[in-house]
Amino acid sequence: MAPVLPLVLPLQARIRLAQGLWLLSWLLALTGGLTVLSSGHLLVQLWPLHTFLAPSCKFSTLPQVALAAGVVALGTGLVSAEASRSSLDAARYPPWREVLGPLLLASTIGGSGLLVFALGLALGLPGSLDTGLEEGLGTALTHYKDTEVPGHCHSKRLVDELQLRYHCCGRHGYKDWFVVQWVSNRYLDPNDQDVIDRLQSNVEGLYLTDGVPFSCCNPHSPRPCLQSRLSDPHVHPVFDPRQPSLNLWAQGCHEVLLGYLQGLASTLGSTLAVTSLLQALVLLGLRYLQTALEGLSGVIDGEGDAQGYLFPGGLRDMLKTAWQQGGLAHRPGPEETPEVPPKEGQPEA
């Protein structure tokens, strides 16, 4: 019963393998730590932005899974570094002989599974950001005026902070504020004729204006902030509506947030890819080192060649036997074939 993917390892090859594994293990611990930092940074950035994501958008799952995968990769790297270092010392390696096999199995199934899952999320979830931000920002703009409505009383503050922090205005531009009522009815005079006309100018009964909140104004602009009646050239003769960036933020919040969050997700995905590759190399090398040392009773400086492998030969034979038995399970044996009784009236042979 030959083992699966055997590799002959002389003494010097085993020593170089242990030294190389020690270096790769520390690199794995480093990338695992970077994964923890990247996913933590993305979680911190998403915390104040969850209001602007639709409930159906599962993008926040990515940093949570990546954080767990990074912690496991960090632990795997530290444990592998210590195990490969101990394998160079015959006095320090014996305690590892009993635990290295289960640790390899747990790291392969749990750690690698988490990394692959997180990497898949990093590749797939950023695509859902577009629709998630589209719906979430539209809802936030609609509830901007609801400063006294339970559940939405913080919408105005959050939207203003968003526009001031990310230098954006509206969902796709400043004109998005022209189609939503962003002034609360509490501050409207119901006896004012202009208010009455605006409320009656649309079927929804909304107070629509061609103005924007103060947070849309660019503080770097040398001119005063122009917030109201932006589409009337006679009111602001110096203001050119075709060049609003001279006074207002030019980009919409959807474009700004989409590029920012997808950039963070891309960085996290690259870190996860490097971490996955390093973990695969570390686990592969550690498996060969472990099986080679088992043939030498755990002494790395033992004379002669040692054979490392991925799986013992019995595993392949066991799977082959199980497959054959499964295929023959539905075939009755000769002793199981039922005898057909002779019909009445026919002479027996």
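What is the handedness of the disulfide of Cys169 and Cys216? The torsion about its S-S bond is about 85°, so the disulfide is right-handed. The sulfur atoms of Cys169 and Cys216 are 2.1 Å apart. Because Cys169 lies in the loop between α5 and α6 and Cys216 in the loop between α6 and α7, the pair ties together parts that are 47 residues apart in sequence. Both Cys169 and Cys216 are buried. These values, like those that follow, come from a predicted model.

The overall layout comes next. The protein has 349 residues, of which 39% are buried. Its secondary structure consists of 8 helices and 2 strands, and the order from the N terminus is β-α-α-α-α-α-α-α-β-α. Among contacts with a separation of 6 or more, 76% join residues 24 or more positions apart. The exposed area of the protein is about 19,800 Å², with carbon and sulfur atoms supplying 62% of it.

The disulfides can now be taken together. A disulfide is a covalent bond between the sulfur atoms of two cysteines. A search of the whole structure gives 3 of them. Besides the pair already described, Cys168 and Cys253 form a disulfide with 2.1 Å between the sulfur atoms. This link of Cys168 and Cys253 is right-handed, with 85° about the S-S bond. It connects distant parts of the chain: Cys168 is in the loop between α5 (155-166) and α6 (193-199), while Cys253 is in helix α7 (residues 253-294), 85 residues apart. Cys168 and Cys253 are both buried.

Cys217 and Cys225 form another disulfide, and here the sulfur atoms are 1.5 Å apart. The two ends of this pair fall into separate burial classes. Cys217 counts as buried because its relative accessibility is 9%, under the 20% limit. Cys225 has a relative accessible area of 34% and is therefore partly exposed. With the bonded cysteines numbered in sequence order, the pairing reads 1-6, 2-3, 4-5. Two further cysteines have accessibility values of their own: Cys57 is buried at 10% relative accessible area, and Cys153 is partly exposed at 34%.

Helix α7 also holds His254. His254 is buried, with a relative accessible area of 6%. Not counting residues up to four places away in sequence, His254 touches Asp130, Leu133, Glu134, Leu137, Arg171 and His172. Two of these residues, Glu134 and Arg171, form a salt bridge, their closest N and O atoms being 3.7 Å apart. Glu134 lies in helix α4 (residues 129-142) and Arg171 in the loop between α5 and α6, so this salt bridge ties together parts that are 37 residues apart in sequence. Glu134 is partly exposed at 27% relative accessibility, and Arg171 is partly exposed at 25%.

The structure holds 6 salt bridges, and two others can be described here. Glu148 and Arg186 form a salt bridge in which the closest N and O atoms are 2.1 Å apart. Glu148 lies in the loop between α4 and α5 and Arg186 in the loop between α5 and α6, so the pair ties together parts that are 38 residues apart in sequence. Both Glu148 and Arg186 are exposed. Arg198 and Asp194 meet through their side chains in a salt bridge with an N to O distance of 3.3 Å. Because they are 4 residues apart in helix α6, Arg198 and Asp194 are separated by about one helical turn. Arg198 is partly exposed at 24% relative accessibility, as is Asp194 at 38%.

Farther along helix α7 lies Val282. At 1% relative accessibility, Val282 counts as buried. Setting aside neighbours within four places in sequence, Val282 is in contact with Leu21, Leu24, Ser25, Leu28 and Ser80. The C-alpha atom of Val282 is 9.0 Å from that of Thr76, a residue 206 residues apart from Val282 along the chain.

The last feature is on the surface. Trp22, Leu23, Trp26, Leu27, Leu30, Leu34, Leu37 and Leu78 form a nonpolar patch, with about 790 Å² of accessible area together. Helix α1 (residues 11-46) supplies the largest share of this patch, 7 residues. Leu78, another member of the patch, lies in helix α2 (residues 61-86). Its relative accessible area is 39%, so Leu78 is partly exposed and passes the cut-off of over 30% that patch residues must meet.

Methods
Residues numbered from 1 in each chain as written. Predicted model: local features only at pLDDT ≥ 70, side-chain atom pairs only at ≥ 80, totals over all residues. Heavy atoms only, no water. Patch = residues over 30% accessible without salt bridge, like charges linked within 9 Å, V, L, I, M, F, W, Y side chains within 5 Å. Areas by Shrake-Rupley, 256 points an atom, 1.4 Å probe, with all protein chains shown as cover. Salt bridge = Lys/Arg side-chain N within 4 Å of Asp/Glu carboxyl O. Buried < 20%, exposed > 50% of the residue type's maximum accessible area, 1.4 Å probe, protein only. Disulfide = S-S within 2.5 Å. Contact = heavy atoms within 4.5 Å.
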